[in-house]
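Reader: I should like a close examination of one part of this model, namely the positions that a database record annotates and the helix that goes with them. Please set that part in the context of the whole chain, and give the numerical values where they are available.

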Amino acid sequence: MKKALVLLSGGLDSTTALYVAKEQGFDELYAITFEYGQKHDKEIKAAKAVAKAAGVKEHKFVKIMLNQWDGCSLTDEKMDIHDGDINRTTIPDTYVPARNMVFLSVAASYADALDITDIFIGVSEVDYSGYVDCREEFIRSMEQTINLGTVLGAEKKQKITLHAPFMHMTKADEVRLGDRLGVDYSLTWTCYRGNEKPCGTCDSCLLRAKAFEEAGIKDPLVN
């Protein structure tokens, strides 16, 4: 059995990454989902549904309350989530400080405990909101750090690889790939707001809409 661990938020990117891992022959899949103080639990429910549909062997939910400090509209109750602008050049206030660094550190601990040398994360530096922890430079540096700080990497000399299959892929190409792999995007949740239906106006919704439109595929979450 080939084991892989996938960081699964329940969104479009992480869900597609899970199915990419399956396509690459990883037949024993583990998933880790973080409750980090986000204002709604829609993505947590989506992650559960996705993991079940994909036949994940074990799905861990980890609470790391990043809402204990201010300044991020996704976690700070005093801040509103503003409508998006996919053409902005500055980092939006939806950026959760060092979130992927924290998540990958915890995922590395889980992987080290289970002797898993392959970790998948759905980040991209092509179609994204400008987050610094979605860039290839960070992912490669984090991979090196993880190998220096785990028994697997440092003592057993079993290199842990961080797979970021969409790093240089547009979201439209990612959607086409997911469609080919049979991803059920109706199970996913991308919107920053936790309403019954996606708001259609936040950064994440705008990027998703652009991806499906350019891919020529109908988004099952949009009527």
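**From the loops to the annotated cysteines**

Author: D115 is found in the loop that joins α3 to β4 (118–120). The model is a predicted one, and in it the phi angle of D115 is near 55 degrees, a positive value in a residue that is not glycine. D115 is classed as partly exposed because its relative accessibility of 37% falls between the 20% and 50% limits. A98 also has a phi near 55 degrees, again positive in a residue other than glycine. The position of A98 is in the loop between β3 (58–63) and α3 (99–114), and its relative accessible area of 26% makes A98 partly exposed.

The overall framework comes next. The protein contains seven helices and five strands, and from the N terminus the order of elements is β-α-β-α-β-α-β-α-α-β-α-α. A compact globule of 223 residues would have a radius of gyration near 17 Å, and the value for the protein, 17 Å, agrees with this. The C-alpha trace spans about 50 × 40 × 30 Å along its principal axes. Of the 223 residues, 49% count as buried. Among contacts with a separation of 6 or more, 72% are made by residues 24 or more positions apart. The accessible surface amounts to about 10,600 Å², and carbon and sulfur atoms account for 50% of that area.

The part requested can now be taken up. An unreviewed UniProt entry lists C191, C199, C202 and C205 under "binding site". From this set, C191 belongs to the lining of the largest cavity.

C202 is placed in the loop between α6 (171–180) and α7 (203–215). Its relative accessible area is 0%, so C202 is buried. With neighbours within four places in sequence left aside, the contacts of C202 are H82, G84, C191, Y192 and R193; another annotated cysteine, C191, is thus among them.

C205, by contrast with this loop position, lies in helix α7. A relative accessible area of 9% is under the 20% limit, and C205 is therefore buried. Residues up to four places away in sequence again being excluded, C205 touches C191, P198, C199 and G200. Two of the annotated cysteines, C191 and C199, are included in that list.

Helix α7 itself has 13 residues. From its first C-alpha to its last it reaches 18 Å, close to the 18 Å expected at 1.5 Å a residue. Its buried residues are D203, S204, C205, L207, R208, A211, F212 and A215. The cover over these buried residues includes α1 (12–23) and α6. After α7 comes G216, with a positive phi near 75 degrees.

Since α1 takes part in covering α7, a second annotation deserves attention. UniProt, in an unreviewed entry, assigns "binding site" to L8, S9, G10, G11, L12, D13, S14, T15, T16, A17 and L18. The lining of the largest cavity takes in L8, S9, G11, L12, D13 and S14 from this set. That lining also takes in C191 from the cysteine set.

T15 and T16 show the surroundings of this second set. T15 is located in helix α1 and, at 1% relative accessibility, counts as buried. Apart from residues up to four places away in sequence, T15 touches L8, G10, V50, V183 and T188. T16 is likewise in α1, and its 0% relative accessibility makes it buried. Under the sequence exclusion of four places, the contacts of T16 are F166, E174, G178, V183 and Y185. V183 is therefore touched by T15 and by T16.

One strand residue completes the account. H163 belongs to β5 (residues 161–163) and counts as buried, because its relative accessibility is 19% and the limit is 20%. Residues up to four places away in sequence not being counted, H163 touches Q24, D118, I119, F120 and I121.

Key
Residues are numbered from 1 along each chain as its sequence is written. This is a predicted model: local features need pLDDT of at least 70, side-chain atom pairs count only at pLDDT 80 or more; totals for chains, interfaces and linings use all residues. Side-chain values use heavy atoms; hydrogens and water are left out. Helices (H or I, at least four residues) and strands (E, at least two) are DSSP runs, numbered from the N terminus. Buried means under 20% relative accessible area, exposed over 50%, partly exposed in between (1.4 Å probe, protein chains only). UniProt positions are given in the numbering used here, feature names are shortened, and annotations may be inferred rather than shown by experiment. On a 1 Å grid over the protein atoms alone, a cavity is a set of points where a 1.4 Å probe fits but cannot get out, and a pocket is an open set with protein on both sides within 12 Å along at least five of seven lines; lining residues have an atom within 4 Å of a point. Contact means heavy atoms within 4.5 Å. The expected span of a helix is 1.5 Å times one less than its number of residues. The radius of gyration is taken over C-alpha atoms; the globule rule is 2.2 Å times the number of residues to the power 0.38. Accessible areas come from the Shrake-Rupley method with a 1.4 Å probe; for residues, only the protein chains shown count as cover.
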